[in-house]
Amino acid sequence: VPEVAPKSAVAQPTPTVQNTQPISDLSAMNPFPTAPAAAVEINITLDGLDESLASSNWQIRKASYLFLQEKIQAVLSGREPENQLSGDDVYSSLDDAINKALGDKNAGALDSALTLSVTYSDCCKGACSEDTASQIMSLLLKGAAFASSRPSTLKTTQELVFKLVEVAPQGSSTADNVVDLIQQHGLKAKKPKVVKFAATLVLQLVQEFGTSVFNVSKLSAVHETLVANSNDKIRGVGIEVLAELCRTFGSKTPLQALVDKLKKSQQSQLDSLLDKQPTAKHPSRCLRCMRGVQIATQSPEEALAALQKNEEEEKLKRFASRPAVNLLQVLPQTCYSDKINEAKWSEKVAALNALIEAGGEQPYKISDGNYTTLLRELKELLSHTHYLVCSKALAAIGMLAAGVGEPISSDLRPLLSTIVPLFKDK
């Protein structure tokens with residue numbers, strides 16, 4: 001077939017992918033074989049890109065992904081990739097095209113989609129968004145990438161995940177979101193090969209970037225999930241994750257609660273790993289936002305202090321994002337009003353338990369309101385002859401004091417004269 005020059009849809013440089021290969025081979029179905037079918041040339045242009053990306057022919061889709069990758073590189077014009085490109089600089093629907101490409105079910109086309117996504121993550125601003133990174137991770141986990149048996153697919157998938165973490169801006173939660181999604185959809189997947197790849201990937205992330213990039217509580221949760229797996233090799237990866245954390249802190253002590261849960265053989269395995277390598281290695285990759293920044297080596301004491309500070313900050317963030325419980329609205333839906341006036345002490349305890357449960361999780365966060373009647377009722381119960389009724393009433397008052405706080409201080413102050421003598425009780 002004569003070679004036809006591709007049409008240029010936009011100003012140069014604009015890549016045009018030519019993929020000369022047979023679209024179908026009908027000769028195999030012919031009982032009277034003839035000459036081989038002629039190869040059909042695939043020309044991708046910007047004008048026809050929407051149609052090419054949506055084609056039912058995997059070869060055309062693959063050529064479209066290659067076209068977009070070359071277009072990104074052409075727009076970059078030899079500059080160092082620093083996520084400086086806007087998606088519109090390349091293609092008006094680039095972000096959407098990336099998401100659709102990663103859902104490709106054809107193995108050959110998916111490999112090209114993954115390569116395109118690595119280039120996109122390296123060069124385009126969109127990849128720095130937490131939402132975009134989470135969406136890409138979800139597509140990898142729920143699609144064919146993590147479940148692939150092709151080494152090339154798994155290698156490019158790993159590089160894409162690394163790149164998403166690497167390009168996250170300062171203050172971003174992308175690194176923790178990546179670990180969260182792997183924990184939810186990778187380590188708990190039904191397919192053993194997905195779990196195996198996900199487990200190895202988390203360990204490689206920690207080894208490549210260091211534990212300081214990730215929330216220790218999330219890595220701890222990953223460790224616990226892995227060591228509970230029925231596969232011995234996956235359990236071994238879980239021990240290695242814990243070993244990396246211990247090396248960061250210079251000791252097992254800060255993580256003793258996790259160590260104590262291990263079997264004796266697993267504890268021996270952990271000790272063996274720490275004997276061979278007692279300290280953490282210097283990370284081989286760093287976040288792009290930290291390039292050029294002088295980073296001092298963190299001592300174990302500093303790492304532990306950072307861990308404690310991080311945990312406190314996480315608690316404050318979770319508390320701030322949690323909606324306050326409207327106790328006055330929730331309480332009537334419980335058994336409190338039915339049982340609090342019963343004569344039996346056990347019924348009163350049940351009512352008070354219902355009140356405390358209605359307050360939600362600790363630390364309590366309860367909306368303001370008129371609690372005068374409720375507090376007066378609880379004050380009367382402080383003089384009950386049964387210690388459980390008294391203690392539960394005291395706990396309920398404490399919940400209101402902590403959850404509502406200053407707005408009800410005028411109602412709480414009169415209770416002090418009743419509460420203080422109770423501290424003398426054993």
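Me: A nonpolar patch is made of residues with over 30% relative accessible area and no salt bridge, whose side chains are joined within 5 Å. In this predicted model, which residues form a nonpolar patch on the surface?

Reply: The patch is formed by L416, V420 and F423, which together have about 340 Å² of accessible area. V420 can be set against the cut-off individually: its relative accessibility is 48%, and the patch rule asks for over 30%, so V420 passes on that count. V420 belongs to the segment that follows α21 (416-419).

Me: Why does V420 count as partly exposed?

Reply: The term exposed is kept for values over 50%, and buried for values under 20%; the 48% of V420 falls between the two, and V420 therefore counts as partly exposed.

Me: How many aromatic pairs does the count come to?

Reply: The rule, which requires ring centres within 6.5 Å, gives two aromatic pairs. One of them joins F146 and F197, with 4.9 Å from centre to centre and 80° between the planes.

Me: What makes the pair of F146 and F197 edge-to-face?

Reply: A pair of aromatic rings is described by the distance of the centres and the angle of the planes. The 4.9 Å between F146 and F197 is within the 6.5 Å limit, and their 80° is over the 60 degrees that edge-to-face requires, so both conditions are met. Because F146 lies in the loop between α6 (130-142) and α7 (151-166) while F197 lies in helix α9 (residues 192-209), the pair ties together parts that are 51 residues apart in sequence.

Me: How do you know whether F146 and F197 are buried or exposed?

Reply: Buried means under 20% relative accessible area; F146 has 1% and counts as buried, and F197, with 11%, is buried as well.

Me: Why is the pair of F162 and F209 called edge-to-face?

Reply: Their ring centres are 6.1 Å apart, which is within 6.5 Å, and their planes stand at 85°, which is over 60 degrees, so the pair is edge-to-face. F162 in helix α7 and F209 in helix α9 are 47 residues apart, and the pair thus links distant parts of the chain. F162 has a relative accessible area of 2% and is buried, and F209, at 2% relative accessibility, also counts as buried.

Me: What sits over the ring of F319?

Reply: The charged end of K365 does, at 5.1 Å from the ring centre; the distance condition is within 6 Å, and 5.1 Å satisfies that condition.

Me: What is notable about phi in S77 and N83?

Reply: Most residues other than glycine have a negative phi. S77, which is not a glycine, has a positive phi of about 55°, and N83 has a positive phi near 55°. Both S77 and N83 lie in the loop between α2 and α3.

Me: Why is S77 called exposed or buried, and why N83?

Reply: S77 has a relative accessible area of 52%, which is over 50%, so S77 is exposed; N83 has 7%, which is under 20%, so N83 is buried.

Me: Which residues is A324 in contact with, leaving aside its neighbours within four places in sequence?

Reply: A324 is in contact with K365, I366 and S367, where contact means heavy atoms within 4.5 Å. A324 lies in the loop between α14 (300-321) and α15 (327-330), and its 40% relative accessibility makes A324 partly exposed.

Terms used: Residues numbered from 1 in each chain as written. Predicted model: local features only at pLDDT ≥ 70, side-chain atom pairs only at ≥ 80, totals over all residues. Heavy atoms only, no water. Patch = residues over 30% accessible without salt bridge, like charges linked within 9 Å, V, L, I, M, F, W, Y side chains within 5 Å. Areas by Shrake-Rupley, 256 points an atom, 1.4 Å probe, with all protein chains shown as cover. Salt bridge = Lys/Arg side-chain N within 4 Å of Asp/Glu carboxyl O. Helix = DSSP H or I, 4+ residues; strand = E, 2+ residues; numbered from the N terminus. Buried < 20%, exposed > 50% of the residue type's maximum accessible area, 1.4 Å probe, protein only. Phe/Tyr/Trp six-rings, centres within 6.5 Å; stacked < 30°, edge-to-face > 60°. Lys NZ or Arg CZ within 6 Å of the ring centre and 35° of its normal.
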